[in-house]
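Trainee: Got a minute to walk through this model with me?
Mentor: Sure, pull it up and we'll go piece by piece.

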Amino acid sequence: MSFMHSTATILAKELRTEFRSRELLGTTVVFVLIVIVLFSFTFNPTSSESRRFGPGLLWLAFLFAGSLMLQPSFLREQTNDTLAALRLAPIDPFSILAGKMAANFLFLLLVEIILLPVFAVLYNIAIFPILAPLVLVLALGTIGLATTGTVFSAVAAQARLRELLLPLLLLPVLAPVLIASTEATVGLLRDPSELSPVWLTFLTSFDVVFLTAAWLFGEYLLEE
Amino acid sequence: MPGSAAARSNYCANWSRAEPSGVDTPHTSSPTSGPSTGRSDSLNSGLKIQFSGIEKRYGMRMALRGVSLEIGAGECVALVGHNGSGKTTLLKITALLARPSKGQLSFSSGDSVLSSGDIKQRIGMVAHNTLLYDELTAEENLVFFAKLFNLPEPAARARQSLEPVGLARRSADMVRTFSRGMRQRLAIARALLASPQLLLFDEPAAGLDPEGQQWLGQTLARLHAEGCTIVMSTHGRNETQGSVTRAIRLEGGEITHDSGPNGDPYGVLALAAVRETAEGDAR
């Protein structure tokens, strides 16, 4: 079976199960909205302060969303040991990871699309003029979040204290991608707006390195 | 791609589809017939499996200690032994779900060498868990796995597979609404979906009522009659043991009794049952 076919089949299954229950998306959207609203009321920032602090708060909210959404990615497969069923199938083991990465990327992107207008209104930031480069930064940052999160979710799912382990593993590894995404977003919100090629290259490199590592070691990550 | 047969140094696969099984079929087919195979060789020949000095270590604990064994094509083997004796580990290694710490496992039915992906296409497994998604319907589960196994017309194949397990009328129901027995039937339908030539069962009778056990016994008899190699772990005496041609007792990760391919398996099964009863009484 081709890699793309098996990845698409697993992605479709992930989307079907999530959109049927909507438990993960629903709770995550509510949680990050509360975080953004609380930050807004606590700091009550002016427009210039928003441009400086806003990107950090935004990516912090995305990090919270990721921590919530990525954990169940492989925990769900443990309920009836369905991960074993996936591993029994004659498919490339990386397609299991790739299907889940793609699903997590889409779920996170959906949360970000819902969150962005609320953020723009609460922090008085005009996002329409910078929408295209902002979407590019969001996409690259989210790929990094989804890739590393899915990989570490696979590792943590087989360990004891797995709920505690994932944030512990994830936060240090995600620090570079969060710094790069925040800095790139700060550049976009500056006057005049600037899309930093340095941070963009950094984000792209991070994504490529982690995707390659997942491709190389995917089979071992899924083993007992 | 990584994860290929080359990466699995402990696995070696030899395979030929042309060789007939040459296995006696002492059981008549049951009226319940399975879905059409969609493969020309179908279930006409089972897999021959050879374990050479298989060891499996989990940390400091040895789950299997130098298991050497040959299971012929079309054999129906019962693995018996108390909890923790290594039955499930042996089944997982056979299903390529676990990598042996030492030793070699080979699948053959001739001269051709196949990759682990090709072997996987021919293995069906019913594990202790159902390996099914509770949030999907019975049909969606089977369609999903049929797609992963690259079977032609997955929807038709799934519907066809639900008939013999008596779940056709519940095809649109979520698996989470099913009883344990129904889940087990669906798990068996999933394992048989790709018309495997090697079937691995981990305590298949667990959770089944006497009627379910009888149905499972008939299904195993039919599969055995069709030449499929069957390896199952089992506890005590139950209806599923009717087709058993060979019994192997494991203790502490080692084979302590093997009735052999031509021996009487019921002696080993009876011994295991007696020991299990004695151990239960002692507790």
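Trainee: How many residues does each chain put into the contact?
Mentor: Chain A gives 27 residues and chain B gives 28 residues. Keep in mind that this is a predicted model.

Trainee: Which elements of chain A give two or more residues to the side that touches chain B?
Mentor: Those are H1, helix H5 (82-88), H6 and H9 of chain A. H1(A) has the largest share of that side, with six residues.

Trainee: And how does that side of chain A split by class?
Mentor: There are 11 nonpolar, eight polar and eight charged residues on the side of chain A that touches chain B.

Trainee: Let's stay with H1(A). At what angle does it pack with H6(A)?
Mentor: Helix H1 (residues 3-21) and helix H6 (residues 93-122) of chain A pack at about 45 degrees, and their axes are 8 Å apart. That angle is why H1(A) counts as oblique to H6(A).

Trainee: Is the crossing left-handed or right-handed?
Mentor: H1(A) crosses H6(A) in the right-handed sense.

Trainee: Which residues meet there?
Mentor: From H1(A), they include Phe3(A), Ile10(A), Leu11(A) and Leu15(A), along with Glu14(A) and Glu18(A). On the H6(A) side, Ile96(A), Ala103(A), Lys100(A) and Phe107(A) are among them. The residues of this contact come out as nine nonpolar, four polar and three charged.

Trainee: Switching topic: what kind of peptide bond joins Asp191(A) and Pro192(A)?
Mentor: A cis one, with omega at about 5 degrees. Most peptide bonds are trans. Pro192(A) sits in the loop between helix H8 (162-189) and helix H9 (197-222) of chain A.

Trainee: Over to chain B, then. What is the phi of Ser195(B)?
Mentor: Positive, about 50 degrees, although Ser195(B) is not a glycine. You'll find Ser195(B) in the loop between helix H5 (180-192) and strand S7 (198-202) of chain B.

Trainee: Is Ser195(B) buried or exposed?
Mentor: Ser195(B) counts as buried because there are 22 C-beta neighbours inside 10 Å.

Trainee: What about Glu203(B), what's its phi?
Mentor: Glu203(B) also isn't a glycine, and its phi is positive at about 45 degrees. Its place is the loop between S7 and helix H6 (210-225) of chain B.

Trainee: And is Glu203(B) buried or exposed?
Mentor: Buried, because 20 other C-beta atoms lie within 10 Å of Glu203(B). The cut-off for buried is 20 or more.

Trainee: Now the sheet in chain B. What's the strand order?
Mentor: S6-S7-S8-S4-S9-S10, six strands in an open sheet with mixed pairing. At the edges are strand S6 (123-126) and strand S10 (254-258) of chain B, each pairing on one side only. Ignoring direction, neighbouring strands are turned by 20 degrees against each other on average.

Trainee: How many bridges join S4 and S9 of chain B?
Mentor: Four, and strand S4 (residues 76-80) runs parallel to strand S9 (residues 246-251) of chain B. Ala78(B), for instance, has Ala247(B) in S9(B) as its bridge partner.

Trainee: Which strands does H1(B) touch?
Mentor: Helix H1 (residues 87-94) of chain B packs on the sheet against S4, S7, strand S8 (229-233) and S9 of chain B. The direction of H1(B) makes about 150 degrees with that of S8(B).

Trainee: And H5(B), what does that one touch?
Mentor: H5(B) packs on the sheet too, touching S6 and S7 of chain B. The direction of H5(B) makes about 170 degrees with that of S6(B).

Notes. Residues are numbered from 1 along each chain as its sequence is written. Chains are lettered from A and ligands numbered from 1 in the order in which they are written. This is a predicted model: local features need pLDDT of at least 70, side-chain atom pairs count only at pLDDT 80 or more; totals for chains, interfaces and linings use all residues. Axes are lines fitted to C-alpha atoms, for helices over the stretch in contact, and angles run from 0 to 180 degrees between N-to-C directions. Angles under 35 degrees count as roughly parallel, over 145 as roughly antiparallel, 65 to 115 as roughly perpendicular and the rest as oblique. A crossing is left-handed if the near helix is turned anticlockwise from the far one by less than a right angle, and right-handed if clockwise. Two residues are in contact if their C-beta atoms, placed from the backbone, lie within 7 Å. Ala, Val, Leu, Ile, Met, Phe, Trp, Tyr, Cys and Pro count as nonpolar, Asp, Glu, Lys and Arg as charged, and the others, Gly among them, as polar. A residue is buried if 20 or more other C-beta atoms lie within 10 Å of its own, exposed if 12 or fewer, and partly exposed in between; C-beta atoms are placed from the backbone. Two strands pair if DSSP finds at least two bridges between them.
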